[in-house]
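Q: I'd like to learn how to read a model like this one, feature by feature. Can we walk through it together?

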Amino acid sequence: DSVVYWMRMEDLRVHDNRALARASAQAKKDNIPLITLFVLSPQDYIAHDRSSRRIDFTLRNLRSIQSSLAKLHIPLYTTSLSPRTAIPSYVLSLLREWNATRLFANTEYEVDELRRDIKVCELAQKEGVVACSFIHDKCVIPPGDILTKAEKGYTVYSPFLRSWIPHLTPGDGKEDPLACAPPPAENPASVREHPLYGKLFDTPVPDKVEGFAFLDKDEEERIRTCWPAGEEAAQQMLDRFLHTMARSSQMGAVDPLAEDPTRNSTKDTRVGKYKDARDRVDADTTSRLSPYLAAGVISARECIRATMELSTNKKQKIDASRDTGVGRWVQEIAWRDFYTHIVALFPRVSMGRPFIEKLADIKWESESSEDHLQAWKDGRTGVPIVDAGMRQARAMGWMHNRVRMTAAMYLVKDLMIDWRQGEKYFMETLIDGDLASNNGGWQWSASTGVDPAPYFRIFNPYIQSKKADPSGEYIRYFVPELREVLGDEIHQPSPALADRLGYPRPLVDHFEARERAIRRYKNPGQE
Ligand code: FAD
């Protein structure tokens, strides 16, 4: 007999992994081995517009997990399967082959994934041999635990946050929501000799997923330098954010962990300065943990626990509601929970629908859209901050939040291109693509989502640029045509200067485009 833990694309870790911990405890109790399984599903990855960077990151992390688990004599068996509809019966066949009595997995909240897991439960129930347990792990506070008085999901962030913060503290007699899941126990070494399980140790993680190209040499080196795989790298990234000072500029493909971190007092650290510095793109001000959080290489609970420990007074925990660097950072992690709850409770948002249904008929540009969309993707819109952001996305697979907002709003409101096109491109390009956060960010920018930017509050990209990149360093780094431009002109070069430097002129006039957007949002369905 055996117990199986089925790992998925969003929980790529051994430390603080609830389903893995539960599976291990069960195996220990029943005195049987624990087997771990990962099913690569090329069709799902294509359907979800996964980027090759994210696929590469997944495989790299799987390799690291395989070697961590092997030290505990726990095999990680990775296999690939198409079509995706075959996954439930295939998983059941593996469970049969391994004489599994129990299956554990962390819940994925997207519609396709929930349907797949329901199917697995149905098949298992029919056969009556394996009991399945799906466990909440992705969010700090699980979807469904934070509801309004009317027992509905919150659709506005501030009251959600007010309700979320008290949930971080354990209630009387209740389990601590931030408790770290125990590490998995070692399998007996004899499992390696077992005819059923021994061979699983010999199956390496594939080096490629069907339908996804290998990264070319340059790209591979850049992406792997920016985003080293493994739980240790994620921990170092967190440590660097909580304990070291921001460097004034670190925009490109440099090893984020290369410098020896110097310890500082809390107020000088990145997290200490986060409240005031986080919107600056010309310095390395945020944690850059999103690729690790999106792939579950580190748990969101771990991030909050480590932050709480920064308190100098150990009895008095950090107050997440306070308007400090630490408070603000915890509140950003609450945004991640908020958008995941929305996907779980309002599944239409993950099916290409706007949350605000009446905005489904907005008239998008069709004539100019192909060229304009391509120029936006290529970072050649003629608006330097947008272009720098889009080139950063292509180079690093990551963008700073302010630039994501500015570039997204520019596509939707200035170019009047359907937000779903941008949502798709971000997923295809970013290494941290997460359906809930990406959809939430896009629907915020398009004013169609929960708690969105009001449709008439349209970002002026030139003003955003001056605020986010006052030194112009960020633009100069990612837009080499403008490298020699000093002063304010970097944010909005004159046509003569742009022509001389071979930099494009703006695709549209911001003020005319703004009028058009407001008109169309006021009267959905009309020109
Ligand atoms: P930090 O500022 O250090 O924040 C810490 C963590 O909190 C992040 O790693 C992330 O997990 C979470 N977080 C922060 N801001 C947000 C937010 N607004 N919404 C949800 N979670 C947040 N984030 C993704 O993880 N994946 C995406 O695919 C994604 N797409 C986005 C698309 C658009 C149009 C916009 C406007 C935002 C998107 N975000 C996405 C949110 C945000 O931009 C990134 O999480 C952030 O830039 C990551 O950098 P960081 O790790 O340094 O963040």
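What follows is a short dialogue on confidence, domains, the ligand shell and a few local features.

Q: Where do I start, and what are the mean pLDDT and the share of residues that reach 70 or more?
A: Start with the fact that this is a predicted model. Where pLDDT is low, the coordinates shouldn't be read in detail. Here the chain has a mean pLDDT of 93, with 94% of its residues at 70 or more. The model also scores ipTM 0.99 and pTM 0.96.

Q: Into which domains is the chain divided?
A: Domain 1 covers 1-137, domain 2 covers 218-345 and domain 3 covers 351-522. There's a database view to set beside that: UniProt, in an unreviewed entry, places "domain: Photolyase/cryptochrome alpha/beta" at residues 2-140. In the model, that 2-140 span is 47% helix and 22% strand, and its end C-alpha atoms are 30 Å apart.

Q: How many residues of domain 1 and domain 2 are in contact?
A: Interface size is often quoted as the accessible area lost when the parts come together. A residue count is what we have in this case: 17 residues of domain 1 are in contact with 16 of domain 2. On the domain 1 side, the residues that touch domain 2 split into 5 nonpolar, 4 polar and 8 charged.

Q: Now the ligand. How many residues surround it, and which are the closest?
A: The shell holds 29 residues, and the closest are Thr286, Ser287, Ser290, Asn438 and Gly441. By type, the shell has 11 nonpolar, 11 polar and 7 charged residues.

Q: Which helices and domains supply that shell?
A: Helices H10 (290-294), H12 (325-345), H15 (401-414) and H17 (435-445) each give at least two residues. H17 gives the most, with 6 residues. On the domain level, domain 2 and domain 3 each contribute at least three residues to the shell.

Q: What should I look for in the backbone geometry?
A: Most peptide bonds are trans, and most residues other than glycine have a negative phi. So the exceptions are worth finding. One of them is the cis peptide bond between Ser82 and Pro83, with omega of about -10°. Pro83 sits in the loop between strand S3 (76-80) and H4.

Q: Which residues have a positive phi although they are not glycine?
A: Among them is Asp16, with a phi of about 55°. Asp16 lies in the loop between strand S1 (2-7) and helix H1 (18-30). Met416 also has a positive phi of about 55°, and this residue is in the loop between H15 and helix H16 (419-429).

Q: Are Asp16 and Met416 buried or exposed?
A: Count the C-beta atoms inside 10 Å; 20 or more makes a residue buried. Asp16 has 23 such neighbours, so it counts as buried. Met416 counts as buried because it has 21.

Q: And Pro88: where is it, and how do I read its surroundings?
A: Pro88 is in helix H4, residues 87-97. Pro88 counts as partly exposed because it has 19 C-beta neighbours inside 10 Å, and the buried class begins at 20.

Q: Which residues is Pro88 in contact with, leaving aside its neighbours within four places in sequence?
A: Setting those neighbours aside helps you see what the fold brings together. For Pro88, the contacts are Arg116, Lys119, Val120 and Leu123. Take Val120: it is 32 residues from Pro88 along the chain, yet their C-alpha atoms are separated by 4.9 Å.

Notes
Residues numbered from 1 in each chain as written. Predicted model: local features only at pLDDT ≥ 70, side-chain atom pairs only at ≥ 80, totals over all residues. Near = placed C-beta within 6 Å. Helix = DSSP H or I, 4+ residues; strand = E, 2+ residues; numbered from the N terminus. Nonpolar A, V, L, I, M, F, W, Y, C, P; charged D, E, K, R; others polar. Domains from an automatic or database assignment. UniProt positions renumbered as here; feature names shortened; annotations may be inferred. pLDDT = per-residue confidence, 0-100. Buried ≥ 20, exposed ≤ 12 C-beta atoms within 10 Å, placed from the backbone. Contact = placed C-beta atoms within 7 Å.
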